[in-house]
Amino acid sequence: MATNNAEGRREDAFIKQRAQNREEYERQKQTLINETEKSRPSANKFVGQNDSMEETLKNQTIGLVRLEDFQQRRKELEEAKAREAARTNELKDETKKVKKRKKTKATLSFAMDDEGDVEGDTSSRQTPEVENGEQASKRAKFRKNPNVDTSFLPDREREEAERKERERLRQEWIRRQEELKQEEIEITYSYWDGSGHRKSVVCKKGDTISAFLEKCRQQFPELRGVSVDNLMYIKEDLIIPHHHTFYDFIINKARGKSGPLFNFDVHDDIRLLADATKEKDESHAGKVVERSWYQRFKHIFPASRWEIYDPEKDYGKYTIA
């Protein structure tokens, strides 16, 4: 009986010791985890504070379905980036100028050492008023020359005026471009289904190709059941994507494979004398076709010549006589 009681007490002691060991193990484990978390670098430690414009645009346009909203957000981000770049350049210039200004200036002494012994006794008997008078005369000798050109020196007020002038010119340029985009132009086009059906429509220079195709769709009964996404605009043998605007081609003087993309009327090149060194000045009517028609006949002329417009590709220079 006594043996059983001793074994029970020993077993209880082992159980308590095992529980204490487990608690100590858990405590040390948690301490190691906490120290590891402290020493581990943050996830955002090596991430740039300012995302690129494209990443910011992607983050801000999640869920947008309208092209106008996307273009408006992109325009706002480009303007904000331009203002930030201008402000950064100004701060860098100011920092450089402040550093130059802080450099110590070397001083030159023009006192004559030979006269020091002769006039030593006399200077010791001079009154404070005389010394003050000499110091004032010396200061007067080294005053600034008002006739010296100081335009190259840093001037905070002048720099601020220049910054405001640049901002005013930038805003004026933006206003003029917006006025140019609101101007109306007449666009001659041809609905192509194997043969041409020529018509014209009035648009603004800032309108996109999709807005132009929407107006064309209203002029032909057979196109009213076709969505704008299923229509294509071909100008000078180039398939123009829907997000481009007429303003883009006009301002950049863009050129196609067979003529200019910035002329939307139709005219032939009439010359009295032929000149092989100058390219023909003629413009052709753009074609509006259904995407299904293009898929069926893209291996046949003229659709076999068409290719998607690439603004980075050089299709050649356009020379006007």
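**The largest pocket and the aromatic pairs**

In this predicted model, the largest pocket encloses about 1000 Å³ of space. Its lining comprises 26 residues, and Gln71, Lys75, Lys181, Thr245 and Asp248 are those nearest the centre of the pocket. Three elements, α3 (67-102), α7 (156-181) and α9 (246-252), each give two or more residues to this lining. Helix α3 gives the most, with 9 residues. By residue class, the lining of the largest pocket divides into 11 charged, 9 polar and 6 nonpolar residues.

Lys181, one of the residues nearest the pocket centre, also lies over the face of Tyr247, at 4.9 Å from the ring centre. A further lysine, Lys287, lies over the face of Trp192, at 5.4 Å from the ring centre.

The aromatic rings may be considered next. The structure holds 10 aromatic pairs. One of them joins Trp293 and Phe297 in a tilted arrangement, with 5.2 Å from centre to centre and 40 degrees between the planes. Both residues belong to helix α10 (residues 291-297), where they stand 4 residues apart, about one turn of the helix. Trp293 counts as buried because its relative accessibility is 12%, under the cut-off of 20%. Phe297, at 30% relative accessibility, counts as partly exposed.

Trp293 also pairs with Trp306: the ring centres are 6.4 Å apart and the planes are at 40 degrees, so this pair is tilted. The pair links distant parts of the chain, since Trp293 lies in helix α10 and Trp306 in the loop between α10 and β6 (307-308), 13 residues apart. Both Trp293 and Trp306 are buried.

Elsewhere, ring pairs link Tyr189, Tyr191, Phe212, Phe220, Tyr233, Phe246 and Phe264 into a cluster.

Notes:
Residues are numbered from 1 along each chain as its sequence is written. This is a predicted model: local features need pLDDT of at least 70, side-chain atom pairs count only at pLDDT 80 or more; totals for chains, interfaces and linings use all residues. Side-chain values use heavy atoms; hydrogens and water are left out. On a 1 Å grid over the protein atoms alone, a cavity is a set of points where a 1.4 Å probe fits but cannot get out, and a pocket is an open set with protein on both sides within 12 Å along at least five of seven lines; lining residues have an atom within 4 Å of a point. Grid points are joined across faces, edges and corners, and a volume is the space filled by probe spheres set on the points. Ala, Val, Leu, Ile, Met, Phe, Trp, Tyr, Cys and Pro count as nonpolar, Asp, Glu, Lys and Arg as charged, and the others, Gly among them, as polar. Rings of Phe, Tyr and Trp (its six-membered ring) pair if their centres lie within 6.5 Å; planes under 30 degrees apart count as stacked, over 60 as edge-to-face and the rest as tilted. Buried means under 20% relative accessible area, exposed over 50%, partly exposed in between (1.4 Å probe, protein chains only). A charge sits over a ring if NZ of Lys or CZ of Arg is within 6 Å of the ring centre and within 35 degrees of the ring normal.
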